[in-house]
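Dear colleague,

I am handing over the structure we spoke about, and you will find it just below. My notes on what was found in it follow after that.

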Amino acid sequence: MSEPVVEIRHLNVDYPTRIGVVRAVDDVSLTIERGEVLGLVGESGCGKSTLGMALLRLLRPPGRIAGGQVFFNGRNLLELGEEEKRLLRGERISMVFQDPMTCLNPLQRVSDHLVETIRTHRPEVSKKEARAQAAELIDRLGIMTERLDDYPHQLSGGMRQRVMIGLALALNADLIIADEPTTSLDVIVEAQFLELLRELQQQFNLTILLITHNIGVVAELADRVAVMYAAKLVELGDVYPLFDAPLHPYTRGLLRSVPNIRLTDDDLEIMSGVPPDLYNPPPGCRFHPRCAQVMDRCRLEEPPFREVQPGRSVACWLY
Ligand code: SF4
């Protein structure tokens, strides 16, 4: 039976500014099951990274959660005190960012990061034993054990990302939030990293929220895909059925704009228009100014996000 690690219900995130309030995440509901990789995709500024930061309760001020609920292992994250939030971030949820240098202390060796993490999680483990476990871990991650005492700046970008995954494994984290984890890597290192991540995910039954604009990365790793447009969820479903037959016109446009060896030049399309200004989003369906299938109703009424096929939800009046 599936077991949700994360359950988000009608989440709203606001950024108040001098000229008005931007709702960066608007009425988003979704679950992440234990052992699944959920890909969260959409163009820059659609709210996907804000959603990840809201899960960690790490929104940059003046960002704030303006409504909804977020359950993590059954507990409402929005009701936790500061100390509980800190422990949760440190022990149960791990984050892998585009630039690992933002998370790794440049003054600490790789061994220090890993030993400290192992011993925070299991204080009964001696320093010597934790170091042996750290060496075993980086070996499993494809980093030579001689690099254990390197500083982060001495490692390549790909190795640093592997160390971030190692920290998540050392913690035995219930959820890994990976935000654009391969953006800074070149194509070959990216492929190796994705291969490793897939192996580790299967081996340890990891639960991953994979936030990316890169559809190829989602195709490699995700079990399900959630598509965001202008702060809203517009489509959600299993990765292969969704990629084979996208329902929402925005998802179709997103997939057609990705170069693919199966597509001819004629199939490849650049989506026209730009995402709306979230200070003043268009009425009705937010995609209507860019949609080739727009109907009168779309300009006036907002389509509800609802299940239209088993396991497939979409927000569009065509269904
Ligand atoms: Fe296009 Fe209308 Fe569907 Fe929006 S609701 S995506 S405008 S068809």
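**Helix 3 and what surrounds it**

In helix 3, the residues Val110, Ser111, His113, Leu114, Val115, Thr117 and Ile118 are buried. Please keep in mind throughout that this is a predicted model. The buried residues of helix 3 pack against two other helices, namely helix 4 (127–140) and helix 5 (157–171). As for its length, helix 3 covers residues 110–121, and because each residue should add 1.5 Å, its twelve residues should span 16 Å, which agrees with the 17 Å that separate its end C-alpha atoms. Once neighbours within four places in sequence are set aside, leucine 114 is in contact with Ala134, Leu137, Ile138, Leu148, Gly166 and Leu167.

Leu114 also appears in the description of the largest nonpolar core, which has 60 residues and in which Leu114, Ile165, Ile208 and Tyr250 are the residues with the most contacts inside the core. Helix 5 gives the most to this core, with seven residues. Apart from it lies another core, of 33 residues, and Val13, Leu55, Leu59 and Ile177 are among them. As general background, nonpolar side chains tend to be buried together in soluble globular proteins.

Helix 5 itself is mostly covered, since 13 of its 15 residues are buried. At 1.5 Å a residue, the 15 residues of helix 5 should span 21 Å, and the end C-alpha atoms are 22 Å apart, which agrees. Just after helix 5 comes asparagine 172, which takes a positive phi of about 60 degrees.

**The region around helix 8**

Aspartate 244 is found in helix 8, which comprises residues 239–244, and aspartate 244 counts as exposed because its relative accessible area is 63%, over the 50% cut-off. The C-alpha atoms of aspartate 244 and leucine 255 are separated by 9.6 Å, although the two residues are eleven residues apart along the chain.

Proline 246 lies in the loop between helix 8 and helix 9 (249–256). At 14% relative accessibility it falls under the 20% cut-off, so proline 246 counts as buried. Leaving aside neighbours within four places in sequence, proline 246 is in contact with Glu235, Thr251, Arg252, Leu255 and Arg312. By contrast with these contacts, the C-alpha atoms of proline 246 and arginine 122, which are 124 residues apart along the chain, are separated by 45 Å.

**Cysteines**

How many disulfides are there? The count comes to zero, where a pair of cysteine sulfur atoms would have to lie within 2.5 Å to be included. Cysteine 291 counts as buried at 14% relative accessibility, and cysteine 298 is buried as well, with a relative accessible area of 7%.

**The chain as a whole**

The secondary structure of the chain comes to ten helices and twelve strands, and along its principal axes the C-alpha trace spans about 70 × 50 × 45 Å. Because a compact globule with 319 residues would have a radius of gyration near 20 Å, the value of 21 Å for the chain agrees with that expectation. Buried residues make up 50% of the 319 residues, while the chain exposes about 15800 Å², of which carbon and sulfur atoms supply 51%. Finally, among contacts between residues at least 6 apart in sequence, 63% join residues at least 24 apart.

With best regards

Key. Residues are numbered from 1 along each chain as its sequence is written. This is a predicted model: local features need pLDDT of at least 70, side-chain atom pairs count only at pLDDT 80 or more; totals for chains, interfaces and linings use all residues. Side-chain values use heavy atoms; hydrogens and water are left out. Buried means under 20% relative accessible area, exposed over 50%, partly exposed in between (1.4 Å probe, protein chains only). Helices (H or I, at least four residues) and strands (E, at least two) are DSSP runs, numbered from the N terminus. The expected span of a helix is 1.5 Å times one less than its number of residues. Contact means heavy atoms within 4.5 Å. The radius of gyration is taken over C-alpha atoms; the globule rule is 2.2 Å times the number of residues to the power 0.38. Accessible areas come from the Shrake-Rupley method with a 1.4 Å probe; for residues, only the protein chains shown count as cover. A nonpolar core is a set of buried Ala, Val, Leu, Ile, Met, Phe, Trp, Tyr and Cys residues joined through side-chain atoms within 4.5 Å.
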